[in-house]
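Work through the exercises below with the model open. Try each task before reading its solution.

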Amino acid sequence: MLREHIITSFELKDLLKQKADIQLVDVRTIDKHMAFNIGGKHIPMAELSVRSNELDPDKLVVTYCTSGGNSLRALQFLLSTGFKSVKSLDGGMTEWQQA
């Protein structure tokens, strides 16, 4: 995966502080989303292919999951369907909570 598509917890926290116009997408299960989330739109990985139309393909999308694997798959899917700017949160919520 190219470095340009990875965002660290620190970089994302910085963007959020700046009130950047980004779309956060939580691709985890509903249980994990309800237990802890950072305000992202909840679109489980299993539903992404039929719900990606809920996202603006011209705005930055940041996907996140528990540890990074599913968010990378979500990123690859979104890029393959024409999204211009997508990043995956490195280390997911595990890393976010430690940062």
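**Exercise 1: One helix, one face**

In α4, Ser-71, Ala-74, Leu-75 and Leu-78 are buried. The model is a predicted one.

Task: Find how the buried residues of α4 are arranged about the helix axis.

Solution. Look down the axis of α4: the buried residues fall within an arc of 105 degrees, so they line one face of the helix. The general rule: an α-helix has 3.6 residues a turn, so residues three or four places apart point the same way. Next, find the partners. The buried residues of α4 pack against α3 (48–51), β4 (60–64) and β5 (86–89). Finally, check the length. Twelve residues at 1.5 Å a residue should span 16 Å, and the end C-alpha atoms of α4 are 17 Å apart, which agrees.

**Exercise 2: The nonpolar core**

Task: Determine which helix gives the largest share of the largest nonpolar core.

Solution. Start with the membership. The largest nonpolar core has twelve residues, including Val-25, Ile-43, Leu-55, Ala-74 and Phe-83. Helix α4 (residues 69–80) supplies the largest share, three residues. Another core, of eleven residues, lies apart from it; Leu-12, Leu-60, Tyr-64 and Leu-89 are among them. Now take Val-25. Beyond its neighbours within four places in sequence, Val-25 contacts Lys-41, Ile-43, Leu-55, Val-61, Val-62, Thr-63 and Tyr-64.

**Exercise 3: Positive phi**

Task: Locate Lys-19 and decide whether it is buried or exposed.

Solution. Lys-19 sits in the loop between α1 (9–17) and β2 (22–26). Its phi is positive, about 60 degrees, although Lys-19 is not a glycine. Most residues other than glycine have a negative phi. The relative accessibility of Lys-19 is 72%, so it counts as exposed. Compare Gly-82, which follows α4 and has a positive phi near 105 degrees.

Technical notes
Residues are numbered from 1 along each chain as its sequence is written. This is a predicted model: local features need pLDDT of at least 70, side-chain atom pairs count only at pLDDT 80 or more; totals for chains, interfaces and linings use all residues. Side-chain values use heavy atoms; hydrogens and water are left out. A nonpolar core is a set of buried Ala, Val, Leu, Ile, Met, Phe, Trp, Tyr and Cys residues joined through side-chain atoms within 4.5 Å. Buried means under 20% relative accessible area, exposed over 50%, partly exposed in between (1.4 Å probe, protein chains only). Helices (H or I, at least four residues) and strands (E, at least two) are DSSP runs, numbered from the N terminus. Contact means heavy atoms within 4.5 Å. The expected span of a helix is 1.5 Å times one less than its number of residues. The arc is that of the directions from the helix axis to the C-beta atoms.
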